Amino acid sequence: MRHVKIWMFAAILTISGLVLNACSNDDNGIADPTEQLQNGEWTGSGEGRSGSIIAKVLVKNHQVEQVTIVSQSESVFAQDAINSIVASALGRHETMSAEVDGISGATLTSTGVIDAINMAIQAAMGKQAGTTENYQDGTCDIVVIGAGGAGLSAAVAASEADSSLKIVVLEKQGIIGGNTNYSTGGINAAETDIQQALGIEDSKELFYEDIMRGGKQENIPSLVRNLVENAPVTISWLTGLGADLSDVGLMGGSSVKRTHRPKGGTAIGPHLMKVLRTASEKDNIEIRTSNKVTGLLTTGDAVTGVKVQNADGSSYQLTSKAVIIATGGFGANLAMVTSLQPSLSGFATLNHPGATGDAFDWVTAIGGATTQMANIQIHPTAEATNHILITEAVRGNGAILVNHSGQRFCNEMDTRDVVSAAILNQEAGEAFLVFDQAVRKSLASIETYANQHLLSEGATIKELANCVGIPAETLSASVSRYNSQQEAGHDEDFGRSATEMTARLETPPFYAVRITPAIHHTMGGMSVNTETQVLRTDGTPIPGLYAAGEVTGGLHGANRLGGNGVADIVVNGRLAGITASKRCRFR
């Protein structure tokens, strides 16, 4: 294989191994780095041929323990190049050099992978990636806090509403995207043109009923109606920006297929961020990374700007006519999570390191209200060793769950809280997600898991069972029974509907992923109205302050349906931008 030289950050590191889930494992020591690395998970991004590539570096005892490519949208033909670059750049059992070989013919992919790892390593060494400019006090029309899906949706929508507005997006991390970078499922919406073209019958009323039922009727009805009514136009808005939402799948708790995603079931997050980033650049929206907001500015009863910390620790103030908070949830703040839900102590999190809930202190300090803060969702299928989210769409496309005895134990397409509880009742609080080649072929995001080495594989069901250490005869019987019930269109054991049993599991090879529930989404948050205005404890809006996405509460109730998280950020992000632009127009 021919290579090209690509220069990389000079640090001497050795890692114990890439992310693997095979029938054997090996153990190797880790060399000391030349500079002290800070413990924790550090994230970096690079730009590949098809979009953002996100890398995560895990540092323990000031040494690199693991490096994972957690998100990418490159073609299947680029996967070997990605694996090769990661292995050679970090020297799986060797030291990393300052000069790394990229793969000829995959230069853009190679550069993206190397840039992503490089950024994560610099962050671990205390060297902020992204902007290095030290900003001074200034003014603008709209400040957006957070450069994830909600924040950039808000910024783009505000700019479209009034192109004369000066909009500044502030992001405390060195990269944009937040949790949106890791989103794999899709965007829920009913009565869309795309559904109609695919012959899918759906209604806004059915969508509303599914959300309320899934949230155990704890949802705030007005927020649910607002999402349902605005979701179809938001899908059209995104496709107008260049998004591919042509594939519509089924997620747990939904009555019909309404989860819009890129062709082939490719992960929605990286694709969405690429679309929104391109639109932001086109509209000349200023994005400042490594700029951490530390508080809100107020004049009288109105919010009139923000206090910000530069990458070097110096501070400045940015005054504005409107502030939109789009900082995401607090799922990475385990102390905050467990203070609200002690039962979640010891759980791993699927959230990016920046999801720490900083904004709640700013808002409550000026009299803002919160709602349903203890409603915290765990996702049933996090890969058990590395805690990487396995999208619900794998089950939606036909996978089943079995326990360590090889037996099914629940309706795999029930709501996330029900499935999570069922898994936690099994041996070791774990289960195996089992599927075949036909399911793998039906969903492009599974290729990401394959290239992260998360899949165990067997030419037959018995071989797969032996590989993962569960009784072969029992697993064979469980798959055989499921197949017969799928053919009959009735799940006698757990009530999985005929719509949810999309196909028999019979096409070799067969695959399994060992999974366990992990902290996923914080459904409580700031109190907002349908105009995305942040509310005081007396229910009145705080002038000049808006919020959208996971930082808000009340929409999802006690349990969020898969596909509604991204719907929330783009629908309400867009609405926040439109509403904030109106305030600027009349001030």
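Helix H3 is mostly covered in this predicted model: of its 13 residues, 11 are buried. Those buried residues are Gly 149, Ala 150, Gly 151, Leu 152, Ser 153, Ala 154, Ala 155, Val 156, Ala 157, Ala 158 and Ser 159. The length of the helix can be checked too. H3 covers residues 149–161, and at 1.5 Å a residue its 13 residues should span 18 Å; the C-alpha atoms at its ends are 18 Å apart, which agrees.

Now let us turn to a single side chain in another helix. Arg 440 sits in helix H12, residues 437–442. Is Arg 440 buried or exposed? Its relative accessible area is 15%, and because buried means under 20%, Arg 440 counts as buried. The side chain of Arg 440 makes a polar contact of 2.8 Å with that of Glu 447. Leaving aside residues up to four places away in sequence, Arg 440 touches Phe 435, Ile 446, Glu 447, Ala 450, Leu 455 and Tyr 511.

Next comes a sheet. Four strands form an open sheet in the order E6-E15-E14-E13, and their pairing is mixed. Strand E6 (138–139) and strand E13 (292–299) are the edges, each pairing on one side only. Within the sheet, strand E14 (residues 302–309) runs antiparallel to strand E15 (residues 315–319), and five bridges pair them. One residue pair to look for is Lys 307 with its bridge partner in E15, Gln 317.

How many salt bridges does a search of the whole structure find? The count is 24. Three of them are listed here.

| Salt bridge | Closest N to O distance |
|---|---|
| Glu 229 and Lys 204 | 3.2 Å |
| Glu 286 and Arg 288 | 2.8 Å |
| Glu 487 and Arg 504 | 3.1 Å |

In the pair of Glu 229 and Lys 204, Glu 229 belongs to helix H6 (residues 221–240) and Lys 204 to helix H5 (residues 204–214), so this salt bridge ties together parts 25 residues apart in sequence. Glu 229 is partly exposed, at 46% relative accessibility.

The partners in the second pair can be compared by their cover: Glu 286 is partly exposed at 25% relative accessibility, whereas Arg 288 is buried at 7%.

The pair of Glu 487 and Arg 504 links distant parts of the chain, 17 residues apart: Glu 487 is in helix H15 (residues 472–488), and Arg 504 is in the loop between H15 and strand E22 (510–522). Glu 487 is exposed at 61% relative accessibility, while Arg 504 is partly exposed at 28%. Elsewhere, salt bridges with shared partners join Asp 202, Asp 210, Arg 213 and Arg 258 into one network.

Notes
Residues are numbered from 1 along each chain as its sequence is written. This is a predicted model: local features need pLDDT of at least 70, side-chain atom pairs count only at pLDDT 80 or more; totals for chains, interfaces and linings use all residues. Side-chain values use heavy atoms; hydrogens and water are left out. Helices (H or I, at least four residues) and strands (E, at least two) are DSSP runs, numbered from the N terminus. The expected span of a helix is 1.5 Å times one less than its number of residues. Buried means under 20% relative accessible area, exposed over 50%, partly exposed in between (1.4 Å probe, protein chains only). A polar contact is a pair of N or O atoms within 3.5 Å; within protein, one must be able to donate a hydrogen and the other to accept it, and residues adjacent in sequence count only if both atoms are side-chain atoms. Contact means heavy atoms within 4.5 Å. Two strands pair if DSSP finds at least two bridges between them. A salt bridge is a side-chain nitrogen of Lys or Arg within 4 Å of a carboxyl oxygen of Asp or Glu.
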